[in-house]
Amino acid sequence: MNETMTTRRGFLLGAGGLALAGLAGCNTTAREATRPAPPADDPMYALMYGPKPDEQFPLPEIPYKRIPRQFLRQMVANPTGERPGVIVVDTANHFLYLTYEDGQAMRYGVGLGRAGFEWAGRGVIQYKRQWPRWTPPDEMIARQPELEPYSSRNGGMEPGLKNPLGARALYIFKDGKDTIYRLHGSPEWWTIGKSVSSGCVRLLNQDIIDLYNRVPDRTPIVVTALGPAQQGVPIGQEGVPVAQYGNGVIGDGLSQPAQAY
């Protein structure tokens with residue numbers, strides 16, 4: 001295997017990337033997208049969306065070939081105008097971007113519910129949780145009384161494969177206050193790229209794990225509606241998707257309770 005192929009594979013598997021913590025001082029601009037998204041049958045997707053038996057609750061593989069390829073994880077030209085190290089949720093196109101240097105961004109497909117459209121603006125990821133408990137707010141319980149067993153009064157729903165927050169949750173605060181909006185995983189892969197009845201911003205479980213591992217607490221987040229989406233511009237030879245780009249900052253260590261949907 002030559003040096004180029006070794007480097008490429010290292011990028012794909014996360015062996016030689018950039019930590020986001022050091023990127024905040026740079027500015028970046030979008031570059032014109034010139035290549036289409038990688039084909040959905042690319043073998044790297046089988047690694048990215050395969051089963052995760054080592055999770056606290058082992059995750060099954062995702063039938064990624066049944067998901068429109070624009071919503072599969074890939075490195076693209078950054079259309080947001082944000083500096084590196086910022087999460088941007090594009091509610092117009094059902095994308096989430098994590099911006100990197102050199103005008104690039106990791107793009108994920110998202111599903112949006114009513115709550116996902118109700119808040120826009122700038123905030124921070126105050127903290128993160130692995131396999132969080134789900135505690136629907138009282139307003140949601142008023143609409144759906146059958147959720148009362150999972151209220152804060154009853155301790156919420158235990159984590160697990162059926163928990164609506166999925167494998168990870170990232171909690172959005174603004175001006176030091178909880179917005180009650182979350183980025184979270186979901187087993188309902190068929191809702192990615194769509195607007196569903198309830199919930200915040202949902203990603204595939206394998207994608208929220210990837211995002212969780214890339215960003216530290218206090219990561220800036222912008223929720224907005226961008227213009228028409230650009231096609232993907234994968235990094236590396238042969239137009240392959242990027243399975244891992246950067247080591248990220250893994251960790252939690254906070255004591256705030258999970259109380260969101």
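Which residues does Leu-183 touch, leaving aside residues up to four places away in sequence? In this predicted model, the list runs to Ile-87, Val-89, Leu-96, Ile-125, Arg-168, Ala-169, Leu-170, Ile-172, Val-201, Ile-208, Leu-211 and Ile-221. Several of these names come up again in the nonpolar core. The largest such core has 29 residues, and Leu-183 is listed with Ile-87, Leu-96, Leu-170 and Leu-211 as having the most contacts inside it. Two or more residues apiece come from β2 (87–90), β3 (95–99), β4 (104–109), β7 (168–174), β8 (177–186), β9 (201–204), α5 and β10 (219–224). Helix α5 gives the most, with four residues.

That helix deserves its own look. Helix α5 spans residues 205–214 and is mostly covered, with nine of its 10 residues buried. The buried set takes in Ile-208, Ile-209, Leu-211 and Tyr-212, but also includes Asn-205, Gln-206, Asp-207, Asp-210 and Arg-214. Two of the α5 residues, Ile-208 and Leu-211, turn up among the contacts of Leu-183. Apart from the largest core there is a second, separate one of 18 residues, and Tyr-64, Val-76, Tyr-97 and Leu-204 are among its members.

Now to the aromatic rings. The model holds 10 aromatic pairs. In one of them, the ring centres of Phe-57 and Trp-131 sit 4.9 Å apart with the planes at 65°; angles over 60 count as edge-to-face, so this pair falls in that class. Phe-57 belongs to the loop between α2 (43–48) and β1 (74–77), while Trp-131 belongs to the loop between β6 (121–130) and α4 (138–143), so the pair ties together parts that lie 74 residues apart in sequence. The two partners differ in cover: Phe-57 is partly exposed at 25% relative accessible area, whereas Trp-131 is buried at 5%.

Trp-189 and Trp-190 make another edge-to-face pair, with centres 5.6 Å apart and planes at 85°. Here Trp-189 is buried, with a relative accessible area of 17%, and Trp-190 is partly exposed, at 45%.

Tyrosines also group up: ring pairs link Tyr-45, Tyr-49 and Tyr-64 into a cluster. Tyr-64 from this cluster is also found in the second core. Tyr-49, for its part, has Arg-73 over its face, 5.5 Å from the ring centre. A similar arrangement involves Phe-95, where Arg-107 lies over the face at 4.0 Å from the ring centre.

Conventions. Residues are numbered from 1 along each chain as its sequence is written. This is a predicted model: local features need pLDDT of at least 70, side-chain atom pairs count only at pLDDT 80 or more; totals for chains, interfaces and linings use all residues. Side-chain values use heavy atoms; hydrogens and water are left out. Rings of Phe, Tyr and Trp (its six-membered ring) pair if their centres lie within 6.5 Å; planes under 30 degrees apart count as stacked, over 60 as edge-to-face and the rest as tilted. Buried means under 20% relative accessible area, exposed over 50%, partly exposed in between (1.4 Å probe, protein chains only). A charge sits over a ring if NZ of Lys or CZ of Arg is within 6 Å of the ring centre and within 35 degrees of the ring normal. A nonpolar core is a set of buried Ala, Val, Leu, Ile, Met, Phe, Trp, Tyr and Cys residues joined through side-chain atoms within 4.5 Å. Contact means heavy atoms within 4.5 Å.
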